[in-house]
Amino acid sequence: MSSTPTRRALTVAASLIVAACAAAGTAAAQADTPDNGSPASGTRHETNTDLADAFDSVSRTTAWQQTSKLKLNFPTYHTEGIAYGQDHIFLSAVQILEPTVKYPAPQDGYDRTPGKGIGHLFVMDKAGNLQKDIILGEGDMYHPGGIDFDGTNVWVPVAQYRPDSSAIIYRVDAETLDVHKQFEVKDHFGGIVLDKQTGHLLGNTWGSRRFAEWDLQGKELSTWENPNYFIDYQDCQYVPNAKMLCAGVTNLPQTPPAGGTAATYELGGMAMIDLKSHEVTREVPFQQWSTAGHVATRNPFKMTANGGHLTMTVAPDNGDEGNGTEILTYEADAAPAK
């Protein structure tokens with residue numbers, strides 16, 4: 001693919017180091033004890049603000065060009081999140097064995113059955129060749145969400161496939177691929193980011209309607225409502241300093257002649273969120289399409305910047321759609337803000 005991995009490595013060069021735990025995870029194991037990893041050197045302030053600065057100039061007229069397409073030649077199921085380590089590409093996905101079914105009326109606080117499935121964290125080399133399939137989850141918690149790499153670890157939430165449920169937060173050592181069960185939380189959390197200034201984790205719930213902040217032991221420190229309803233965030237990343245960049249999709253109903261509510265339209269977009277004020281500082285649509293016809297920001301998403309040059313990687317198509325899962329790379333030059 002393009003130079004995305006190199007740029008990604010540059011942007012995380014000053015990233016947070018989390019202490020390794022003694023309990024070793026395995027590729028097929030659901031880690032059985034929590035690990036209380038903590039920042040080795042406290043909080044830190046990164047100085048490379050290229051991504052934040054460049055994204056602040058992105059608009060609806062930004063000219064994005066697709067520059068590469070990497071076909072993945074293994075079963076990928078329903079893709080969720082993507083992250084780039086120094087040596088690996090990580091892709092989370094859910095394999096559905098039994099779909100959830102909506103109840104006529106809520107039962108025990110749930111609006112649907114739990115369904116059944118298997119959570120995957122695929123580990124690839126930089127050419128997209130599968131190196132390891134890490135199975136994550138426990139019981140009804142089998143749905144991995146958006147993921148993030150902090151320079152040492154990949155953070156993965158694995159939730160029930162229904163709102164108002166529960167989730168496990170995993171930490172995967174990007175070098176050894178050891179799996180550590182960090183903690184469990186109430187509610188469906190479908191995305192996670194580690195704030196490198198505070199050393200805290202931030203997650204977003206079903207439909208990204210609410211955010212929560214925890215310390216690394218799982219103590220909830222704060223929550224806030226998402227003030228924006230433009231899109232549902234699917235995959236996010238930390239951005240220096242104290243920001244979070246998210247992308248996602250919302251499905252909008254069509255007019256009756258176009259099929260009505262049975263024929264939805266995918267609206268994609270990206271949003272920069274200030275982690276101190278919790279405000280959305282910039283939000284733009286993104287309407288380019290995958291081989292299977294999905295908007296490109298449908299699920300896995302990451303972005304890097306080299307000065308004002310932006311590189312975005314996405315993987316919107318499921319393994320059984322179109323040409324299968326392809327990692328698409330888009331590039332653009334952000335015009336300086338006037």
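Which backbone nitrogen does the side chain of Asp317 reach? Select Asp317 in this predicted model and look towards Thr291: the side chain of Asp317 comes to 3.5 Å from the backbone nitrogen of Thr291.

**Stop 1: Asp317**

Stay on this residue and show the strands on either side. Asp317 sits in the loop that runs between β22 (309-314) and β23 (326-333). Asp317 is buried and has no salt bridge. The nearest side chain of opposite charge belongs to Arg298, at 5.1 Å, and a salt bridge requires a separation within 4 Å. Next, display the surroundings. Setting aside residues up to four places away in sequence, Asp317 touches Thr79, Ser290, Thr291, Ala292, His294, Arg298, Gly324 and Thr325. Thr291, the residue whose backbone nitrogen is reached, is therefore also found in this contact list.

**Stop 2: Glu213**

Now select Glu213, in strand β15 (residues 210-214). This is another acidic side chain that is buried without a salt bridge. The nearest side chain of opposite charge is that of Arg210, 11 Å away. What does the side chain of Glu213 make a polar contact with? Show His200: the two side chains are in polar contact at 2.7 Å. His200 also appears among the contacts of Glu213 outside its neighbours within four places in sequence, together with Thr198, Leu201, Leu202, Lys219, Glu220, Leu221 and Ser222.

**Stop 3: Ile273**

Move to strand β19 (residues 265-274) and pick Ile273. Is Ile273 buried or exposed? Its relative accessible area is 2%, so Ile273 counts as buried. With residues up to four places away in sequence left out, Ile273 touches Phe211, Tyr233, Ala242, Lys243, Met244, Cys246, His278, Glu279 and Val280. For a distance to draw in the viewer, take the C-alpha atoms of Ile273 and Tyr238: they are 9.7 Å apart, with the two positions 35 residues apart along the chain.

**Stop 4: the peptide bond at Pro240**

Select Pro240 and Asn241 and look at the bond that joins them. The peptide bond from Pro240 to Asn241 is cis, and its omega is near -10 degrees. Asn241 belongs to the loop between β17 (232-239) and β18.

**Stop 5: a surface patch**

Follow the chain into strand β18 (residues 243-252), where Leu252 lies. Leu252 counts as partly exposed because its relative accessibility is 34%. Add Tyr265 and Trp289 to the selection: with Leu252 they form a nonpolar patch on the surface, and together the three have about 260 Å² of accessible area.

**Stop 6: two positive phi values**

Select Asp164, in the loop between β10 (153-160) and β11 (166-173). Phi of Asp164 is near 55 degrees, which is positive although the residue is not glycine. Asp164 is exposed, with a relative accessible area of 54%. Then go to Asp187, in the loop between β12 (179-186) and β13 (189-195). Asp187 also has a positive phi without being glycine, here near 90 degrees. Asp187, however, is buried, at 12% relative accessible area.

**Last view: the whole chain**

Clear the selection and colour by secondary structure. The chain has 2 helices and 23 strands. Of its 338 residues, 55% count as buried. Among contacts with a separation of 6 or more, 58% join residues 24 or more positions apart. The accessible surface is about 13600 Å², and carbon and sulfur atoms hold 49% of that area.

Key:
Residues are numbered from 1 along each chain as its sequence is written. This is a predicted model: local features need pLDDT of at least 70, side-chain atom pairs count only at pLDDT 80 or more; totals for chains, interfaces and linings use all residues. Side-chain values use heavy atoms; hydrogens and water are left out. Helices (H or I, at least four residues) and strands (E, at least two) are DSSP runs, numbered from the N terminus. Buried means under 20% relative accessible area, exposed over 50%, partly exposed in between (1.4 Å probe, protein chains only). Lys and Arg count as positive and Asp and Glu as negative; His and the chain ends are not counted. A polar contact is a pair of N or O atoms within 3.5 Å; within protein, one must be able to donate a hydrogen and the other to accept it, and residues adjacent in sequence count only if both atoms are side-chain atoms. Contact means heavy atoms within 4.5 Å. Patches are made of residues with over 30% relative accessible area and no salt bridge: like charges are joined within 9 Å, nonpolar side chains (Val, Leu, Ile, Met, Phe, Trp, Tyr) within 5 Å. Accessible areas come from the Shrake-Rupley method with a 1.4 Å probe; for residues, only the protein chains shown count as cover.
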